[in-house]
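Here are my notes on the model you sent over. Have it open while you read, and shout if anything looks off.

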Amino acid sequence: MFWRFFSFVAFQFVGGILGWYATSFTQTSSSERVGTLVGVVLGGVLWFLLDTSRGARLLRWLRVGDASDAAMRTGLWGEVSDRVRRLLRSREQVARDSQQRLQDFLAAFQASPNGVVLLDARGQIEWFNQMAVAHFGFEPERDLLQHLGNLVRDPGFAAYFSGHDYRQELVMPGRQSTPTRPVKLSVHLHPYGEGRLLLISRDITALEQAEAMRRDFVANVSHEIRTPLTVLAGFVETLQTLELDQSERARYLALMAQQATRMQTLVSDLLTLSSLEGSPPPGVTDSVALPQLMAQLEQEGRALSAALSPTAKAAHHLVFDCLLAGDLVGAPNELHSAMSNLLSNAIRYMPDGGEIQVRMCRLPDGRAEFSVQDNGPGIAPEHLPRLTERFYRVDRSRSRDTGGTGLGLAIVKHVVQRHGAELKIDSTLGQGSTFRIIFPASRVNPLVVERSQGQSGGNRE
Ligand SMILES: Nc1ncnc2c1ncn2[C@@H]1O[C@H](COP(=O)(O)OP(=O)(O)O)[C@@H](O)[C@H]1O
Ligand SMILES: [Mg+2]
């Protein structure tokens, strides 16, 4: 301020001096005084003009609003322009920060696994993320600022949206839902701000399917247990109410024992399944020696065949070939369970006297293949894709008669998956079936000695 006043006085002083100097030649003191006065006034006017032009420059700069540089650096206007520039810079920084924060929020919404739609107070769409595009089929250019009710036409949703009671979520069919492949969306509206709405949508198809599977599973288990239980209860009642002779009693008790065994097998298969589902995948430290495993399978297979066949002549013709003399990396009890399930199926579903070939060999690409081939009844192609489902049986009564639970191949599938292996089923109705488990090369012990097929002979040596 001092310099402003000083420059004003200085301009007037210099103007006065110049005015006095210009009139000093006239030699009259009155004209010298007038000249000095005019000089002072002109000095003041010149200062005013210069000052006003600097003010105008500042105004021009303010109109452009470029915060990167000040309009001028000196004097009062310089000071004003510098402060305005700093103010502008800090405002710009605040605006940039807010913009960045908004972008971060939107990016977080975008990354959400749920569909997110922001609606204004009139129900028009302000913003939505990619997941909402997948759920509702919105298009960014076309659908922004459209009323949500015009775009989501499901009658259930229309009633929910217009009902203004958003305490509960709504389950509605998804856009791509078809009768064969139903898609279920859970939609929930949350009011916020002044009359605005946040819509969250989730794809709950998998959840619903899991829930349906759980219901089916419980129903199946109950059914499987109820049947032998009913039979058992009937026998108990008979034994309690009727006077039976010794041989009849023995017959009834044998039938009761059969039903009890059936329930025990079912419970044991269920426990095997649940332990397979609940435990971590088998490590790489465990392994099983293949010749021993095959020997065990052969022993069990022959015993089962003998137990099921009334005469020695009717027993199955079993051929065991182990072309690998080494270890298979994996959980021994799981591997045994899967392989013996395939073998027992072949024996149990085969009419007497049929031929079953069990083989363990190495494929040309280094993988190991365990196969069970029979010339039994075979399976129609329409059943093949569902064979590994729990409780799925081609012939329910035959499966029950042979003591099957319908869980055998489900257990096999789990074991196969846990070992990174592959289950292949080839079957022709009336001709027979081949079940193969193909283990990755990494599961075959590298020290495995491969024997030539000629050496193996028929049965295991
Ligand atoms: N080797 C086979 N030959 C013919 N049918 C088979 C064979 N293996 C399995 N199946 C069919 O697949 C169904 C499912 O097998 P699985 O899961 O082991 O259940 P189950 O307890 O009935 O044996 C069986 O009920 C049977 O109909
Ligand atoms: Mg079975």
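The points below go from the domains to the helix pairs and then to the ligand.

1. First, a caveat and the layout. This is a predicted model, so read everything here in that light. The domain assignment splits the protein into domain 1 (2-86), domain 2 (112-203), domain 3 (207-279) and domain 4 (282-456).

2. Next, how domain 3 meets domain 4. Their C-alpha centres sit 26 Å apart, and the contact draws eleven residues from domain 3 and eleven residues from domain 4. On the domain 3 side, α8 (205-241) and α9 (246-278) each put in at least two residues. The largest share of that side is from α9, with eight residues. By class, the domain 3 side that touches domain 4 has four nonpolar, three polar and four charged residues.

3. Now α8 and α9 against each other. Their axes come within 10 Å and cross at roughly 160°. An angle over 145 degrees counts as roughly antiparallel, so that is what α8 is to α9. The crossing of these two helices is left-handed. From α8, the contact uses V221, E224, I225, P228, V231, L232, F235, T238 and L239; α9 answers with Y252, L255, M256, Q259, A260, R262, M263, L266 and L270. Sorted by class, the contact of α8 with α9 has 14 nonpolar residues, plus two polar and two charged.

4. Another pair to look at is α10 (residues 290-308) with α11 (332-348). Here the packing angle is about 30° and the axes are 10 Å apart. With angles under 35 degrees counted as roughly parallel, α10 and α11 are therefore roughly parallel to each other. This crossing is right-handed. Among the contact residues are L293, L297, E300 and L304 of α10, and L335, M339, L343 and R348 of α11. The contact of α10 with α11 divides into eight nonpolar, six polar and two charged residues.

5. Finally, ligand 1. Which residues come nearest to ligand 1? Of the 20 residues around the ligand, they are R393, V394, S399, G404 and G408. The elements giving two or more residues to this shell are α11 and α13 (408-418). Of the shell, α11 gives the largest share, three residues. So if you are looking at α11, keep both of its roles in view: α11 packs with α10 and gives residues to the shell around ligand 1. By class, that shell has eight nonpolar, nine polar and three charged residues.

How values were computed: Residues are numbered from 1 along each chain as its sequence is written. Chains are lettered from A and ligands numbered from 1 in the order in which they are written. This is a predicted model: local features need pLDDT of at least 70, side-chain atom pairs count only at pLDDT 80 or more; totals for chains, interfaces and linings use all residues. A residue is near a molecule or strand if its C-beta atom, placed from the backbone, lies within 6 Å of it. Helices (H or I, at least four residues) and strands (E, at least two) are DSSP runs, numbered from the N terminus. Ala, Val, Leu, Ile, Met, Phe, Trp, Tyr, Cys and Pro count as nonpolar, Asp, Glu, Lys and Arg as charged, and the others, Gly among them, as polar. Axes are lines fitted to C-alpha atoms, for helices over the stretch in contact, and angles run from 0 to 180 degrees between N-to-C directions. Angles under 35 degrees count as roughly parallel, over 145 as roughly antiparallel, 65 to 115 as roughly perpendicular and the rest as oblique. A crossing is left-handed if the near helix is turned anticlockwise from the far one by less than a right angle, and right-handed if clockwise. Two residues are in contact if their C-beta atoms, placed from the backbone, lie within 7 Å. Domain bounds come from an automatic or database domain assignment.
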